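Good morning, colleagues. Please look at the sequence and the model on the screen, and I shall then comment on a few of its elements.

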Amino acid sequence: MPRITKLFNLNDPGWGRGNNNGSEPPKRPKGNGDGPPDLDEVWRDFNNRIGSLFGRKGGGGGNRPGNRGGMTPPSPRGTRIGLGLIALVLVLLWLASGFFIVQEGQVAVVTQFGKYKSTAPPGFQWRMPYPIQSHEAVNISQLRTFEVGFRGGSRNKVLPEALMLTTDENIVDMQFVVQYRLRADGAPNYLFNMRDPDESVRQAAETAMREIVGKKPMDFVLYEGRTEVAVEVQNLMQQILDRYKSGIQVSTVAIQNVQPPEQVQAAFDDAVKAGQDRERQINEGQAYANQVVPLAGGQASRMFEQAEGYRAKVIGDARGDAARFTSILAEYEKAPTIMRERMYLETMQQIFTRASKVMIDTKDGNNMLYLPLDKILQQTARDATVKPTAVPGASQPTVPQPPARNTGASSSGNTGSSNNTLSRDRLSR
């Protein structure tokens with residue numbers, strides 16, 4: 001071993017400087033001894049050292065063409081050392097064959113003499129080389145999908161898988177898709193517990209679907225029960241696969257299409273249309289109810305609020321009238337004559353304000369001049385409706401104040417110029 005170490009010592013200053021076997025001191029080269037060694041000399045020294053290991057003496061040019069002398073048979077010790085090195089290299093290569101890389105999203109199942117040993121996570125791993133141990137990579141992140149009842153499209157049906165019997169002895173055409181993946185610790189079970197795992201999952205899906213559909217009536221499966229059927233099938237599939245210890249996790253069961261057989265498709269289409277019409281009418285009635293009920297509630301609330309407002313108004317008016325009457329009574333008790341006169345005047349003013357005729361009293365005689373003031377007032381009202389703004393400076397007819405006491409009312413008829421003048425003056429006022 002010291003000899004081998006000496007032969008392959010990279011720190012030996014004799015490399016490439018004419019020292020053939022490393023046993024002699026390096027010869028001082030001619031010229032500049034501080035320069036780098038020649039590459040040819042380095043390769044020649046390496047070959048000489050290997051040759052000396054097997055007992056060959058080549059001198060300085062043992063590896064050159066034409067140098068056929070100096071060859072000696074290898075010694076037994078050198079032969080053993082060379083065979084040992086070859087065996088060591090082969091062992092190292094054999095051990096190096098145990099290194100392998102596991103990709104992300106995969107695990108490697110390591111077996112020893114065909115029996116499960118361990119599970120290697122993603123990364124750079126090592127195992128005992130073949131035939132002691134071997135490994136098999138399993139993709140646990142892949143979402144596996146298969147179809148039951150059809151292949152590729154709904155038109156490409158597989159009737160032996162699609163036709164199923166319901167509890168009311170009807171036949172339905174069921175087409176669905178199943179998606180599943182492997183659990184993180186389920187790779188060994190996936191490889192060793194079932195002969196054909198993917199086909200086992202397919203059979204479990206078909207079995208679960210037939211069992212669930214066989215417990216449901218046809219209308220439930222066709223219309224409102226699709227989601228519920230899919231959930232029950234997924235749960236039953238998972239229970240079956242767990243009993244098999246398959247290491248598989250069912251992700252989704254999606255029903256793509258469910259319909260009656262083609263022979264009775266027309267009759268079922270009519271039934272579907274009738275059901276849709278029924279649903280439409282129910283929805284319309286519900287929409288009408290949702291519109292009418294809030295509107296009626298709003299009207300009731302509005303009427304209630306109006307009644308409350310009317311009650312408050314009547315009560316307030318009554319209380320105001322009572323308070324006003326009480327205040328008037330107190331003033332009336334202080335001066336009854338003046339209050340009666342004032343109340344009379346105010347009452348007559350209110351009466352004549354709403355009257356369409358004007359009564360004009362005269363100082364002399366009992367004659368009364370009648371003017372068609374009702375027509376004038378109507379014309380004035382129509383003009384006010386068309387042009388509310390009065391013309392500046394125009395005289396407006398006014399209603400005279402009621403006559404004082406002890407003044408007689410004039411009778412209707414024509415009078416002289418004095419009565420006409422008095423009437424015009426009062427009218428202008």
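I shall take the strand pairings in turn and finish with a helix.

Please bear in mind that this is a predicted model.

I begin with strand 2, residues 106–112, which is mostly covered, with 5 of its 7 residues buried. Which strands pair with strand 2? One is strand 5, residues 133–139, which runs antiparallel to strand 2 and is joined to it by 7 bridges. Within that pairing, Gln112 has Gln133 of strand 5 as its bridge partner. Strand 2 also pairs with strand 3, residues 115–120, again in the antiparallel sense, over 5 bridges. Here Thr111 is matched with Tyr116 of strand 3. Strands 2 and 3 form a hairpin with 2 residues between them, and Phe113 adopts a positive phi near 55 degrees there.

A further hairpin involves strand 7 and strand 8, with 1 residue between the two. Strand 7 covers residues 150–151 and strand 8 residues 153–157; the two run antiparallel and are joined by 2 bridges. Arg151 has Gly153 in strand 8 as its bridge partner. In the turn, Gly152 has a positive phi of about 80 degrees.

Finally, I turn to helix 6, residues 197–213. Why should this helix span 24 Å? The helix has 17 residues, and at 1.5 Å a residue the expected span is 24 Å; the C-alpha atoms at its ends lie 24 Å apart, so the two values agree. As for burial, the buried residues of helix 6 include Pro197, Val201, Ala205, Met209 and Val213. Arg202 and Glu206 are also among the buried residues of this helix.

Definitions and conventions: Residues numbered from 1 in each chain as written. Predicted model: local features only at pLDDT ≥ 70, side-chain atom pairs only at ≥ 80, totals over all residues. Heavy atoms only, no water. Pairing = 2+ DSSP bridges. Helix = DSSP H or I, 4+ residues; strand = E, 2+ residues; numbered from the N terminus. Expected span 1.5 Å × (residues − 1). Buried < 20%, exposed > 50% of the residue type's maximum accessible area, 1.4 Å probe, protein only.
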